[in-house]
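Take a moment to turn the model around before you read on. We'll go from the whole protein down to a few single residues.

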Amino acid sequence: MHRLLYVHVFLCCLNMAHPFCPAQCTCVFHGRVDGAGSRSVLCNDPDMSDIPVNVPVDTVKLRVEKTAVRRIPTEAFYYLVDLRYLWITYNSITSVDTGSFYNLKVLHELRLDGNMISIFPWESLKEMPKLRTLDLHNNRLTNVPTEAIPYLLNITYLDLSSNKLATLPSDLMDIWPPFNGAPVSTNASQKVVLGLQDNPWFCDCKISKLIELSKMADTPVVLMDLFLTCSGPENLAGVLFQRAELDNCVKPSVMTSATKITSPLGSNVLLRCDTTGMPTPTLVWEKNDGSQVNNTVQESPGDGIRWSIMSLHGILYKDAGDYSCKAKNVAGSAEATISVSIAGTMSTTIPPLSPSIVTGPASQGTTPAPPTGTPNSPTIAPTAPPRTSTLSAVPKRPQTSPSTSVQKGPPKQGKSQQGGNGRKLAADEKSKKSDASKSVKDLKIVEETEDTAVLLWKKDGLPNDAPLTVVYSPYGEEDIKRTLETNAGSGKVLLEGLSSGMRYSVCLVAKGSAAGKDPCVDFYTLDNMEDGGQNQLFVIISGIACALVLPLIALLLYKIIALYCKGHSTSADEEELEKESYVKFETISMKQRTLNSRPTELWARRPTNDSERMLLCSRSSIDSQMTYKSDSSRSEWLC
């Protein structure tokens with residue numbers, strides 16, 4: 001009986017360990033020849049109302065599309081530790097919890113477009129340190145809070161289009177070049193893509209940086225749609241960002257009373273800074289070490305103007321340094337620096353390096369040195385030039401005097417240090433030789449996609465913290481190499497920013513390895529199936545359109561030719577009808593009687609002139625012919 005129970009428990013555990021697919025989903029395993037692969041799950045049942053909880057744990061891509069799901073609960077995907085692509089698109093989601101994306105440490109892409117989200121938990125992005133793509137297109141977002149800015153630093157694709165955003169935090173654009181002060185790079189993989197179109201933007205000073213960005217060319221930040229349009233205020237409604245001119249919006253400019261000040265020790269120093277801009281900028285003083293300065297007074301005598309005075313009372317050597325006056329408003333920021341130095345020199349004695357005992361007055365060595373302590377230090381004496389301070393001569397002492405011990409100390413220390421350095425160099429050489437014989441093995445590529453791939457390896461005697469450099473580039477194009485730094489213990493690294501359908505070469509370089517013996521491997525990225533499908537669909541639609549349009553064109557040409565031929569035949573018929581429509585009338589008149597004439601020939605024919613050649617008119621009648629009694633009169637035809 002116990003054996004049967006054990007067998008039953010074993011079979012249950014085996015069934016639970018075997019990956020299974022949710023009832024309303026479709027699971028596909030993309031296997032490879034080497035046994036590795038990835039699993040994708042698609043859930044698109046219209047009757048699904050909750051996020052599935054029994055998705056296989058090895059899922060890499062999860063898609064929940066066109067369902068009735070309305071909420072993403074807390075820790076909905078915590079067990080999917082390998083999940084890299086999460087698409088929850090075109091559902092009815094209105095609520096997303098702060099902990100919905102807990103434990104998604106390797107998630108690379110999050111798409112929530114086509115839902116009804118009005119408030120997004122931006123702080124949840126800290127649970128996804130590898131996230132690079134965030135798509136919130138076609139939702140109901142009304143604002144992006146300032147607190148969300150730190151969580152968007154690593155995002156390279158941000159789509160906020162087709163929402164209800166009217167403005168953005170003025171500091172949001174400061175996390176990307178050129179507003180963050182970082183050098184502008186031409187590398188396409190380092191560009192940031194922003195989707196901000198189809199929003200009711202209120203064009204004021206708060207989004208002046210975005211308007212300025214739309215007017216720039218060749219920037220690291222790429223807008224999906226360059227033709228962003230203002231919806232307000234009324235004087236800018238319908239105006240493109242590229243043509244918008246904002247009123248009362250001027251970047252700050254900073255002016256200082258001096259750029260460098262030198263003051264005696266213990267004196268009082270006043271530093272003044274003035275700024276102008278619209279809206280009126282704020283002023284903050286900072287020292288070069290980042291510490292804030294409190295002894296300041298500020299005043300704004302009018303709109304767009306502000307000045308500030310910082311006071312240093314009884315300055316010490318620690319007060320020397322650079323002080324920055326930083327001005328900022330929603331249109332931008334500016335700063336100016338004032339360098340403060342302390343007047344005077346410091347004198348200190350340098351003990352002689354000779355091992356001999358000092359037996360008389362010793363020569364004094366004075367060298368200027370930067371301040372390292374307070375003026376009360378016994379070895380530092382601040383003086384005003386050209387005065388110098390001197391120390392009394394060291395008197396003669398026996399062998400056990402402190403001066404003798406100080407003089408003999410350095411040579412011994414140097415000797416011991418030299419021995420230590422020798423041993424250290426020998427150890428370094430030995431470690432280099434040992435590292436040269438160690439490398440990595442079993443280098444291979446798995447999980448290729450259109451733009452990423454995963455490189456795997458096994459360490460061959462290397463320690464876990466041994467530095468490795470991953471060098472990869474398109475095959476045969478050595479001039480555009482890219483590198484990644486990692487360590488031997490990680491065992492894998494993600495290659496990003498690849499192009500679809502291309503051949504790449506990747507090498508793993510270990511520190512101290514022999515030149516030309518680094519392991520390398522070639523691989524291909526996947527083709528973009530969506531583009532291929534779109535092209536095929538376009539070809540099919542074009543063929544159908546041609547099949548329908550060509551017969552219509554032929555029929556139209558036939559009708560035009562037929563009408564043309566019919567026009568010619570009609571004109572010919574009209575001419576023939578015109579010829580046959582006229583009758584030549586002749587006038588019949590009585591002949592004059594003669595003696596020799598025959599009695600039967602009483603009438604004679606004569607041709608009519610043009611005036612008599614008329615058609616019958618509406619007054620014609622049966623008795624229209626009238627004959628005069630006179631033989632000399634001619635007959636007439638009356639109409």
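A residue is called buried when its relative accessible area is under 20%, exposed when it is over 50%, and partly exposed in between, using a 1.4 Å probe and protein chains only. By that yardstick, 31% of the protein's 639 residues count as buried.

Some ground rules come next. This is a predicted model, in which local features need pLDDT of at least 70, side-chain atom pairs count only at pLDDT 80 or more, and totals for chains, interfaces and linings use all residues. Residues are numbered from 1 along each chain as its sequence is written, and side-chain values use heavy atoms, with hydrogens and water left out.

**The whole protein**

How sure is the predictor? Its confidence in each residue is the pLDDT, which runs from 0 to 100. The protein averages a pLDDT of 76, and 67% of the residues score at least 70. The pLDDT is below 50 over residues 345–436, a stretch with 66 contacts in the model beyond near neighbours in sequence. Residues 581–589 also have a pLDDT below 50, and this stretch has 22 contacts beyond near neighbours in sequence. A contact here means heavy atoms within 4.5 Å.

As for the fold, the protein has four helices and 32 strands. Those come from DSSP runs, numbered from the N terminus: H or I of at least four residues for helices, E of at least two for strands. If you take contacts between residues at least 6 apart in sequence, 57% of them join residues at least 24 apart.

The protein exposes about 40100 Å², and carbon and sulfur atoms supply 56% of that area. Areas like this come from the Shrake-Rupley method with a 1.4 Å probe; for residues, only the protein chains shown count as cover.

**Salt bridges**

The structure holds 13 salt bridges, each being a side-chain nitrogen of Lys or Arg within 4 Å of a carboxyl oxygen of Asp or Glu. Here are three of them:

| Positive partner | Negative partner | N to O distance |
|---|---|---|
| Arg111 | Glu109 | 2.7 Å |
| Arg111 | Asp135 | 3.0 Å |
| Lys326 | Glu286 | 3.0 Å |

Let's start with Arg111. Both Arg111 and Glu109 are buried. Arg111 sits in strand S7 and Asp135 in strand S8, so their bridge ties together parts that are 24 residues apart in sequence. Asp135 is buried too, at a relative accessible area of 5%.

The Lys326 and Glu286 pair also links distant parts of the chain: Lys326 is in strand S20 (residues 321–329) and Glu286 is in strand S17 (residues 282–287), 40 residues apart. Lys326 counts as partly exposed at 30% relative accessibility, while Glu286 counts as buried at 19%. Back in the other group, shared partners join Glu109, Arg111 and Asp135 into one network of salt bridges.

**A charge without a bridge**

Which side chain of opposite charge is nearest to the buried Asp113? That would be Arg111, 5.4 Å away, and Asp113 has no salt bridge. For this search, Lys and Arg count as positive and Asp and Glu as negative, while His and the chain ends are not counted. You'll find Asp113 in the loop between strand S7 (109–111) and strand S8 (133–135). Leaving aside neighbours within four places in sequence, its contacts include Tyr90, Asp135 and His137.

**Backbone oddities**

Tyr90 has a quirk of its own: a positive phi near 55°, in a residue other than glycine. Tyr90 lies in the loop between strand S5 (85–89) and strand S6 (95–96) and is partly exposed, at 40% relative accessible area. Lys66, not a glycine either, has a positive phi of about 55°. Its place is the loop between strand S3 (59–65) and strand S4 (71–72), and Lys66 is exposed at 61%.

Where can you look for cis peptide bonds? One joins Pro177 and Pro178, with omega about 0°, and Pro178 is in the loop between strand S9 (157–159) and strand S10 (192–195). Another runs from Gly232 to Pro233, with omega near 0°; Pro233 is in the loop between strand S13 (230–232) and strand S14 (250–256).

**A nonpolar patch**

Finally, look at the surface. A nonpolar patch with about 870 Å² of accessible area together includes Ile540, Ile544, Leu548 and Ile560. Patch residues have over 30% relative accessible area and no salt bridge; nonpolar side chains (Val, Leu, Ile, Met, Phe, Trp, Tyr) are joined within 5 Å, and like charges within 9 Å. Ile544 is found in helix H4 (residues 529–580).

Conventions
pLDDT = per-residue confidence, 0-100.
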